[in-house]
Amino acid sequence: MTARAQRRMLNEVKKNPRVSARDLKKSLAHANISVDESTIRKTLNKNGVHGRTPRRKPLLSRKNIAARLKFAKEHLDVPVVDR
């Protein structure tokens, strides 16, 4: 893979971090660059871009929102102690 192809691929990943290796392969193919998906993954890993799945976590309930707001208002004037 050429340095130009690597830069192009990294720029695409910076624009859209959720793009898959398969989609990158297709976009590089439009630029007449044929690269295997495993090569794309290896190149991204070498450049510090690793595939991660975001953690699924529940949205805040109305009860939690109210409790957090109450806590914040109660502790508005409490000084922060440096450690």
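1. **The nonpolar core.** In this predicted model, the largest nonpolar core is built from nine residues: Met9, Leu10, Val13, Ala21, Leu24, Leu28, Val35, Ile40 and Leu44. Helices α1, α2 and α3 each contribute at least two residues to this core. That fits a familiar pattern: in soluble globular proteins, nonpolar side chains tend to be buried together.

2. **Leu24 as a place to start looking.** If you would like one core residue to click on, try Leu24, a member of the largest nonpolar core. Leaving aside residues up to four places away in sequence, Leu24 touches Met9, Glu12, Val13, Val19, Ile40 and Leu44. Met9, Val13, Ile40 and Leu44 are listed in that core too.

3. **The two sides of α3.** Which residues of helix α3 (residues 37-46) are buried? They are Glu37, Ile40, Thr43 and Leu44. These four sit on the same side of α3, because they cover an arc of only 125° around the axis. The spacing makes sense: an α-helix has 3.6 residues a turn, so residues three or four places apart point the same way. On the other side of α3, Lys42 and Lys46 are exposed. The cover over the buried residues of α3 includes α1 (3-15) and α2 (21-30).

4. **Glu37, a buried residue of α3.** Glu37 belongs to helix α3. Its relative accessibility is 18%, so Glu37 counts as buried, the cut-off being under 20%. Not counting residues up to four places away in sequence, Glu37 is in contact with Ala21, Arg22 and Lys25. Of these partners, Ala21 is listed in the largest nonpolar core.

5. **Backbone angles around α3.** Asn32 is worth a glance, with a positive phi of about 60° although it is not a glycine. You will find Asn32 in the loop between α2 and α3, and at 73% relative accessibility Asn32 counts as exposed. Just after α3 there is another positive phi, of about 85°, at Gly48.

6. **The largest pocket.** The largest pocket has a volume of about 400 Å³. Which of its 18 lining residues are closest to the centre? Those are Pro17, Val19, His50, Gly51 and Arg52. The elements giving two or more residues to the lining are α2 and α3, and α3 gives the most, with four residues.

7. **Val19, between core and pocket.** Val19 is placed in the loop between α1 and α2 and is partly exposed, with a relative accessible area of 21%. Its contacts, not counting residues up to four places away in sequence, are Val13 and Leu24, and both of those appear in the largest nonpolar core. Val19 and Gly51 are 32 residues apart along the chain, and their C-alpha atoms are separated by 9.9 Å.

8. **Asp23 and Lys46.** Is Asp23 buried, exposed or partly exposed? Asp23 is partly exposed, with a relative accessible area of 39%, and it lies in helix α2. Asp23 and Lys46 are 23 residues apart in sequence, with 19 Å from C-alpha to C-alpha. Lys46 is one of the exposed residues of α3.

9. **The annotated region.** A UniProt record (unreviewed entry) places the feature "domain: Transposase Tc1-like" at residues 6-77. Over residues 6-77 the chain is 60% helix and 0% strand in this model. The end C-alpha atoms of that stretch are 52 Å apart.

Key: Residues numbered from 1 in each chain as written. Predicted model: local features only at pLDDT ≥ 70, side-chain atom pairs only at ≥ 80, totals over all residues. Heavy atoms only, no water. UniProt positions renumbered as here; feature names shortened; annotations may be inferred. Buried < 20%, exposed > 50% of the residue type's maximum accessible area, 1.4 Å probe, protein only. Arc of directions from axis to C-beta. Contact = heavy atoms within 4.5 Å. Core = buried A, V, L, I, M, F, W, Y, C linked by side-chain atoms within 4.5 Å. 1 Å grid on protein atoms, 1.4 Å probe; cavity = no way out; pocket = protein on both sides within 12 Å on 5 of 7 lines; lining within 4 Å. Points joined across faces, edges and corners; volume = space filled by probe spheres on them.
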